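Here's a walk through the empty spaces and the sheets of one protein chain. Take a look at the model before reading on.

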Amino acid sequence: MSKKTYAMAIRDCIAEEMRKDSNIFIMGEDIAEQGGIFSCTRGLLEEFGPELVRNTPISENSFVGAGIGAACAGLRPIVELMYMDFVYVAMDQLLNQAAKIRYMFGGKAKVPLVIRGQQGIGRGNAGQHSQSVEALFMHIPGLKVALPSTPADAAGLLRTAIRDDNPVMFFEHKALYATKGEVPDDEDFAIPFGQANVIKQGTDATIVATLYYVDKALKAAEILEKEGISCEVIDPRTIVPLDIDTIIGSVEKTGRLIIVHEAHKTGGVGAEIASQVTENAFMYLDAPPQRLGAKQCTLPFNLGLENAVIPQIEDIVKAVKKTTYK
């Protein structure tokens, strides 16, 4: 095991996979000489050269389309978006092309494409650079969606994504890049998609959290523990495929469900999880599921206002207490 930052875990995984497979290349804005705005590709240009580490123009629609074409031709591109907010520019390429090609060709075409980049709050980047957009891609068949919350998950899930023959949307969080954690030294270390992580065992309530909110959920659970409320904390790690069985199994034990994410509450991942649990485990619920997400407004530039829009630790605590009646 080695202690690495989230950003370095991503960078090292990419490098290790590129050394093994000459079909893998990476492209995106400022990823070569600059190494990306969060250093996730630092040093790759020097090792692999400009053919495999390619700077792109500021045209997401164009270079995402190029990535799709390269994947169909047998390469394994990793396409970095500087901000996941910019994915909107390439929605036709992703939703009408990448997601559907394998189906429309009867399974004969493969699209081994990874679209990765960062999203979220924490730097006052305002309405067009702070959004969390993962739920949009949960809706479209043909795309896999990963949300790593730790350095180990970043490495393990990214390796799985790179080796997958289907397009994967890989969402990182800007506030996690500097966080540190133990990462296995095994260059084949991979985490299967659709395998949730039960980070903390509990008996009174199930908290499902993603990305930046996994740590906040754990901190809320610590506060509640002191008040005699035992929370189980689950990180889905991927939302397509979604390990709903682990979540339902936890709810069958605790009788209560709280889902928290940074993305807007309306139409978010929490709504889908709450719906599936209600449909499949209603008889085990002792209280209505609680969803926490950003308020339905554009994310502000001001950090104080930003914090007013997104859920805080105390909001998670209140939501759990609302279900437990303790």
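## Ground rules

For sorting lining residues, Ala, Val, Leu, Ile, Met, Phe, Trp, Tyr, Cys and Pro count as nonpolar, Asp, Glu, Lys and Arg as charged, and the others, Gly among them, as polar. This is a predicted model, where local features need pLDDT of at least 70 and side-chain atom pairs count only at pLDDT 80 or more, while totals for chains, interfaces and linings use all residues. Residues are numbered from 1 along each chain as its sequence is written, and side-chain values use heavy atoms, with hydrogens and water left out.

Spaces are searched on a 1 Å grid over the protein atoms alone: a cavity is a set of points where a 1.4 Å probe fits but cannot get out, and a pocket is an open set with protein on both sides within 12 Å along at least five of seven lines. Lining residues have an atom within 4 Å of a point. Grid points are joined across faces, edges and corners, and a volume is the space filled by probe spheres set on the points.

## Cavities

Searching the whole structure turns up two cavities of 30 Å³ or more. The second largest has a volume of about 30 Å³, and its lining is made of Gln 119, Ser 132, Glu 134, Thr 210, Leu 211, Tyr 212, Tyr 213 and Glu 262. By class that's three nonpolar, three polar and two charged. Domain 1 (2-183) and domain 2 (197-324), with bounds from an automatic or database domain assignment, both give residues to this lining, so the second largest cavity lies between them.

The largest cavity holds about 50 Å³ of space. Its lining includes Gly 36, Phe 38, Cys 40, Met 82, Arg 116 and Tyr 177, and the class split is six nonpolar, three polar and three charged residues. Strand E4 (76-81) and strand E5 (114-119) each supply at least two lining residues (helices, H or I with at least four residues, and strands, E with at least two, are DSSP runs numbered from the N terminus). The largest share, three residues, comes from E5.

## Pockets

About 200 Å³ of space lies in the largest pocket. Of its 13 lining residues, Ser 149, Thr 150, Leu 176, Val 214 and Asp 215 are the closest to the centre. Helix H8 (residues 213-225) gives the largest share of the lining, three residues. Eight of the lining residues are nonpolar, three polar and two charged, and domain 1 and domain 2 each contribute at least three residues.

The second largest pocket comes in at about 160 Å³. Helix H6 (134-138) and strand E13 (257-264) are the elements that give two or more residues to its lining. Five lining residues are nonpolar, six are polar and none is charged. Both domains contribute here too, so the second largest pocket lies between them.

## The seven-stranded sheet

One open sheet has seven strands in the order E3-E2-E4-E5-E7-E6-E12, with mixed pairing (two strands pair if DSSP finds at least two bridges between them). Strand E3 (53-55) and strand E12 (238-240) stand at the edges with a single partner strand each, so one side of each has no neighbour in the sheet. The twist averages 20 degrees from one strand to the next; axes are lines fitted to C-alpha atoms, for helices over the stretch in contact, and angles run from 0 to 180 degrees between N-to-C directions.

Strand E2 (residues 24-28) runs parallel to E3, joined by three bridges, and Met 27 stands opposite Arg 54 in E3. Helix H3 (residues 60-72) lies across E2, E4 and E5, at about 165 degrees to E4. Helix H7 (residues 151-163) also packs on the sheet, touching E2, E4, E5, strand E7 (168-173) and E12 (contact means heavy atoms within 4.5 Å).

## The five-stranded sheet

Another open sheet, also of mixed pairing, has five strands in the order E9-E11-E10-E13-E14. Strand E9 (197-200) and strand E14 (290-294) are at the edges with a single partner strand each, so one side of each is left without a neighbour. On average, neighbouring strands here are turned by 25 degrees against each other, direction ignored.

E13 and E14 run parallel, joined by four bridges; Ile 259 has Arg 291 in E14 as its bridge partner. Helix H12 (residues 313-324) packs on this sheet, its direction making about 165 degrees with that of E14.
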